[in-house]
Amino acid sequence: MSAAALRWIRCRRLSTAGPPSVKKVLQWKDLRKVAKVTGAVVLGGCLFITYEVIALDKAVTIDTSAILQEKNKSYIYLRATPSDEKDNLTGGLTHKARRELHKAARRFVEISSRLLLQSLDAAKLMTQVSLLQEHFSHVDADPHEVALWVLLKKIQSANKAIRLEAVQELADNHHWHDYQYQTAAQVIDHRTAVGLARMPQVDLRFFRHPPALPDLEEGLSAEDGLRQLLASLPQTEVDKCVRYFTSLALRESTQSLAAQRGGLWSFGGNGLPYAQSLTSVPSEKVESFCLQALVQHSKVRSHCDHIVANGGLQLLQRVYQLRTDSMKIQRNIVRIIGNLALNEGAHQAIAQSGWVSVLAEMMQCPHIMQASHAARALANLDRETVKEKYPDGVYILHPQTRSNQPIKADVLFIHGILGAAFKTWRQKDRNTLEEEEAAKREDDYTECWPKSWLAADCPNLRVLSVEYDSHLSDWMAQCPAENQRKSLAYRSQELLKKLKLAGVGERPVVWVAHSMGGLLVKKMLLDALQDPDMHGLLQNTKGIMFYSVPHYGTFMAEYSVNVRYLLFPSIEVRELCKDSPALRSLNDNFLNLAKEKDFKVLSFAETLPTNIGPMIKILVVPTQSANLGIGELIEVDVDHLNICKPERKDSFLYKRSLQFILDALQSYIAH
C-alpha cells in the first residue's frame, strides 16, 4: 500500500504545471492524505495483532485434567496448585513458557517409563540419571520426584550392590510425601519390600496393606477354616505327637472345649503350659490348639506346600487380624510364617498375601518376643543379604535388621528345664520398691538382656537364642510318645541340625547356658566331634559360660514337692540325678575335649535356695555340682532362677558375663 501511494504522488508531481507556489500547496495536501492512509493502516494492524494475541492466549490454555490423567498413567503426581495461583497463571505465563511446560511433562513421562520398563546396567542407568537431571535443570520440578524414580529403577538393577544401595537410600530418606510412598509401594517387588521391612524404623507407608480377604462361606468361622486346613494335611512325615494333637484338635468341638476345666499340656517351643487361663472365649482356645498343631506341620517341607495351596496364608491372615488382642496367637501365626519362609518357593505367595507389611509392623513392636518372631520370619525371607536360615526354635536377637556392621562372631544362649528363649534371659524381676527406684533413675526393664544390653555393647556379634521343649514331669505332656523325644541325645542331634542350617560354626562361637542347657551344650560338642561336617563348630568354639549347670547332678531330680513329679519324672529329670552314670560319662568326656581344644570356661554357682513350693526351699544346684573342674567358678548370692537374670546393666553378674565374652573373642572382634 505504501508503494502505490508513492507512485501516485510521483505521477501528480509530473503532471502538475504552474508556478512553484502552487506546487508547494499541492505537496502538503498530498502528504496529509498519505498520513491519513498510513495511520489507518497502522491502527488497523495493531488492532489485528492484539486480537490475534488474545485469541492465541485463550487457545493455548492448559488442560490440567488431561495432563493429570497422563501423569496418573505413569504414576507421576504433581502437587496441586492453590486457587489464587491458578487465577494468576494465565497472566503470568507466556505462550512460550506454556509450550515448554507441555514438552517437559511429556518428556518426563517418556523417560520415566523407559527407566521402569528397560533393564539397564550401571553405565546405562547413570546415563539415564544424567539425562533426567539435565532435562529438568531448567524446569521448576521437585528434585525429590526425580530422585524417587531413579531409586525405583535402581532396585530393579541386575547388579546386587546397586539394589542394596537403592534400598538403603529409600529407607534413609524421610522427606517423601504420602503420594510418593504410595507410588513406591505399587512399584517395588517382594524382594525390595522384604529389604525395606528389615531396615531399622522404616516408614510403614512403603508397604501395601494386605489384600482384602474373601468372604467366608455362610455358617463357617475362622475356627472352622483352621480345622478344614488341618484335615487337608497329610499325616505322613510327622511324628506320633503331631498326629496325636492334630487328631485331638479335629475331634474336639467348641462345646467340649468350653466345658473342659484343665488339661495342662505343653506343646511347641515356648515350654509354657496350655492352660484354661489363656482366654475365656472357647473359639480362641480352639484356634490356639489348631495353631499349635499347624506349627508342627509347618516344619515339614512337603506340608508347607499343602498349607500354601489350600489357602493357609489367607486363613492365617484372617485369624491374625481377628486376634489382635492375643499376642500369643499372633506369635504362633508368625512362627508358622517363619517356618514356611524356609521354603524359598513360598516367598512369592507369602508376599502376595500381604505378610511383608504385617511383619514390618510387628518388627517395630516394643515387645521383644513379638519383634523377634517377626525378625526370624523376615530373615528367612531375605535372600539378598542373609545366607543362613533360621529353623523353628532358633531366634536371632541381633542383628534383627540389615546393617553395614560386619558380624565377627556368634553368641548362643541355651535355656534349661521349663525355660524359654526369652523369659529365661529376662532382667531380674523387681518388687514395688525397686520399680519406684528404677523409675527415678529412668532405668527401663528389659524382657531379654542379651537383646537389649549385649547387642548394644557388642554390635559386631550375632546373638542367637535357642528354644526346645522341656518338662519336669510326663504329666505336663499328654502325648504318649512325648517321653521318647526328651533325652539329651535326641535333643542334641535335633539342635545340631538346626544350628548348622543357621550357619553356627562358621564364625567363632561363645556358648551361654543355664541349668540343663549346659548339659545339652556339652552333649552337642561331643556329638560334633563324631560328625566330620560339624568339626568347624568345635574349632570355632572359643568359650562356654555356665549358669548353675548341674555337672554332677542335682538332688531335686530325686524328689519333688509334688508326688506326681516323684512318681512320673520325665526322662530329662531322670538324667539329672546325682551321680548318674550318664552324667559322669558326659562330664568326663567333655573335660577331655575342653582341655584338648583349650576352651575358655566360666561357671556361676547359686548360693541361695529356690522357692519350689509353699514354705519349701531347696538349693537346686549346689556349688560342688556347678563346679566343672576347669575354668573360673564364681559364687553369686542369688537363687537358681535368678542366676542368669542380672539385676541391672551395671550389676556384677552382667559386667562379668560381658567381660568373659569379650575376652574369649578379643582377637576376633578387636579388628
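## Backbone features around strands β1 and β2

Pro 399 is placed in the loop that runs between β1 (394–398) and β2. In this predicted model, the peptide bond joining His 398 to Pro 399 is cis, with omega near -5 degrees.

A further backbone feature occurs at Leu 418, which is situated in the loop between β2 and α22 (432–441). Although Leu 418 is not a glycine, its phi is positive, at about 60 degrees. The relative accessible area of Leu 418 is 27%, a value that lies between the 20% and 50% limits, so this residue is classed as partly exposed.

## A positive phi at Ser 548

Ser 548 belongs to the loop between β5 (541–547) and α27 (563–567). Its phi is near 50 degrees, which is a positive value in a residue other than glycine. Because its relative accessibility is 0%, and the limit for burial is under 20%, Ser 548 counts as buried.

## Aromatic pairs centred on Trp 449

The model contains 11 aromatic pairs. One of them joins Phe 413 and Trp 449: the ring centres are 5.5 Å apart and the planes stand at 85 degrees, so the arrangement is edge-to-face, for which the angle must be over 60 degrees. This contact links distant parts of the chain, since Phe 413 lies in strand β2 (residues 409–414) and Trp 449 in helix α23 (residues 449–457), with their positions 36 residues apart in numbering. Phe 413 is buried, with a relative accessible area of 0%. Trp 449 likewise counts as buried, at 1% relative accessibility.

Trp 449 also pairs with Tyr 654, with ring centres 5.7 Å apart and planes at 80 degrees, so this pair too is edge-to-face. Here the partners are 205 residues apart and again connect distant parts of the chain: Trp 449 in helix α23 and Tyr 654 in helix α31 (residues 652–664). Both Trp 449 and Tyr 654 are buried.

## The aromatic cluster

Ring pairs connect Phe 413, Trp 425, Trp 449, Trp 453, Tyr 547, Phe 604 and Tyr 654 into a cluster. Within this cluster, Trp 449 is paired with Phe 413 and with Tyr 654. Through these two pairs, helix α23 is linked to strand β2 and to helix α31.

Methods: Residues numbered from 1 in each chain as written. Predicted model: local features only at pLDDT ≥ 70, side-chain atom pairs only at ≥ 80, totals over all residues. Heavy atoms only, no water. Phe/Tyr/Trp six-rings, centres within 6.5 Å; stacked < 30°, edge-to-face > 60°. Helix = DSSP H or I, 4+ residues; strand = E, 2+ residues; numbered from the N terminus. Buried < 20%, exposed > 50% of the residue type's maximum accessible area, 1.4 Å probe, protein only.
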